[in-house]
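Got the viewer open? Let's take a walk through this one, picking one selection at a time.

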Amino acid sequence: VLIPRLQEEMDTVQIIDQNQEDERLVARAQKGDLDAFNRLVVRHESALYNVCLRLLRDPSQAEDATQDAFIRAWGAIDSFRGGQVRPWLLRIATNRAYDLLRSKSRRPAESLDSQPFEIEPEWTSQAPVAEQPETFATRSELSAHLEHALAELPEDQRLAIILSDVQGYAYEEIAEVMDVAVGTIKSRISRGRSRLRAVLQGSERDRELTENFGRLNSV
Amino acid sequence: MITYMHTTNHLSDELLNSWVDGVVTTDERSIICTHLEHCQLCRDELESLRTVKRLLSDLPQVRLPRSFQLTPEQGRNRDTGTESATYASESENPAHVPGSLDEVVDEGQAIPGSEVAVTGKALAFPGVSPRMLAAMAFGLAVSLAGLRVALHRAGRLRPAP
């Protein structure tokens, strides 16, 4: 009982330290220190890029959205009024991603670059350490199906699920990113996760894989 | 508020998902524990939701294709004026996710991100200077005063006793 609680307290201390460092860097950036801002970029670029990539499913557009988000954040750093930096940056990035998604959806269907981009083989081939080959194979196949199912979710549920389950952020931070109440986030996550479960239970093969995955992980 | 039970007398998905995320109240915890003790169906549902969450959390973080640090040229383009601080387009507001029912207009912290402004400046009249606006307001006030006098003379507007 004590070890998880200790771990939780250490995590909290670490988060407070990270927030304080972010605040220091923002204060310097607001005085025009580009190096300080670039340290913020290094601290958060992975989060922004990963969220944009899973929203857009297009590495090139995810790069554009991420870069553009940081340029806009630098331009508007004076308007940052305190609080956590990461949700503020994520809001800018997800707004850009949505702009790109909308402009993509307005493009004619016959456009050459309107073809869907398949990314799951590269994503799912990175095995966690010390995983049994059978577990890895099952997880890889299920993950590939899950990536597809994730892309089919309504946008509000998809972003909530990406931030919650893929990125592991707390409800409060997600609420800040999406600018809605925590209760709304709870509801979006629930609806999104239930839909994904329905997809995984929709085919015989996925049901078999899910059961196998559950069995392998309970051993 | 969370609906505890489906119409089929099983735990609702929202409650099960809250349990998976560890964000249930003491009352909810008690309801869930009591129900799960005798309901295999809800235990299976719970397990499948846990599996989905676990699979999602196992999705790997993609390596960055490059650094996104700003170059000195990009840094020179810093806009310290009010443009970037007063923008807000439909798409700029993250609450405005297409298809969502709970659209909220953000009037809080400025988030840069879009080309079309809908706050502040957009509400002003384009091409009309403050001086012209003041003249128009004065003209309107004079007209209203004239109308009041005309009504008074016509006996429609009686002075207060």
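Start by selecting residues 85–106 of chain A, which is helix H4. H4(A) is mostly covered, with 17 of its 22 residues buried. Check its length while you are there: from first C-alpha to last, H4(A) reaches 32 Å, close to the 32 Å expected at 1.5 Å a residue. Keep in mind as you click around that this is a predicted model.

**Zoom out to chain A**

Now show the whole of chain A. You'll find 10 helices and zero strands, so to speak a run of α-α-α-α-α-α-α-α-α-α along the sequence. Of its 219 residues, 53% count as buried. How much of the contact in chain A joins residues at least 24 apart, among contacts between residues at least 6 apart in sequence? That share is 63%.

**A pair of helices: H2(A) and H3(A)**

Next, select residues 34–56 of chain A for H2 and residues 59–75 of chain A for H3. Two packed helices are described by the angle between their axes and the distance between those axes. Here the axes come within 8 Å and cross at roughly 145°, and the crossing of H2(A) past H3(A) is right-handed.

Turn on side chains to see who makes the contact. On the H2(A) side, look for residues including Phe37(A), Val41(A), His44(A), Leu48(A) and Tyr49(A). Across from them, H3(A) contributes Pro59(A), Ala62(A), Thr66(A), Phe70(A) and Trp74(A), among others. Colour the contact residues of this pair by type and you get 15 nonpolar, three polar and two charged.

Stop at Pro59(A), which is found in H3 of chain A. Buried or partly exposed, which is Pro59(A)? Its relative accessible area is 23%, so Pro59(A) counts as partly exposed. For a distance to draw, try the C-alpha atoms of Pro59(A) and Arg195(A): 136 residues apart along the chain, they are separated by 26 Å.

**Into the nonpolar cores**

Which residues have the most contacts inside the largest nonpolar core? Select Phe37(A), Phe70(A), Leu163(A), Met178(A), Leu196(A) and Leu56(B). That core has 65 residues, and H2(A) gives the most to it, with 13 residues. There is also a second, separate core of 12 residues; Val20(B), Ile32(B), Cys42(B) and Leu49(B) are among its members.

**A serine on H7(A)**

Go to residues 155–166 of chain A, helix H7, and pick out Ser164(A). With a relative accessible area of 7%, Ser164(A) is under the 20% cut-off and therefore buried. Leaving aside residues up to four places away in sequence, Ser164(A) touches Tyr169(A), Ile174(A), Ile189(A) and Arg193(A).

**Over to chain B**

Last stop: chain B, with five helices and zero strands, running α-α-α-α-α from the N terminus on. Buried residues make up 32% of its 161 residues. For contacts in chain B with a separation of 6 or more, residues 24 or more positions apart account for 49%.

Finish by selecting residues 40–58 of chain B, helix H3. At 1.5 Å a residue, its 19 residues should span 27 Å, and the end C-alpha atoms are indeed 27 Å apart. Which residues of H3(B) are buried? Highlight Cys42(B), Leu46(B), Ser48(B), Leu49(B), Thr51(B), Val52(B), Leu55(B) and Leu56(B). Two of these names should ring a bell: Cys42(B) is in the second core, and Leu56(B) is in the largest one.

Definitions and conventions
Residues are numbered from 1 along each chain as its sequence is written. Chains are lettered from A and ligands numbered from 1 in the order in which they are written. This is a predicted model: local features need pLDDT of at least 70, side-chain atom pairs count only at pLDDT 80 or more; totals for chains, interfaces and linings use all residues. Side-chain values use heavy atoms; hydrogens and water are left out. Axes are lines fitted to C-alpha atoms, for helices over the stretch in contact, and angles run from 0 to 180 degrees between N-to-C directions. Helices (H or I, at least four residues) and strands (E, at least two) are DSSP runs, numbered from the N terminus. A crossing is left-handed if the near helix is turned anticlockwise from the far one by less than a right angle, and right-handed if clockwise. Contact means heavy atoms within 4.5 Å. Ala, Val, Leu, Ile, Met, Phe, Trp, Tyr, Cys and Pro count as nonpolar, Asp, Glu, Lys and Arg as charged, and the others, Gly among them, as polar. The expected span of a helix is 1.5 Å times one less than its number of residues. Buried means under 20% relative accessible area, exposed over 50%, partly exposed in between (1.4 Å probe, protein chains only). A nonpolar core is a set of buried Ala, Val, Leu, Ile, Met, Phe, Trp, Tyr and Cys residues joined through side-chain atoms within 4.5 Å.
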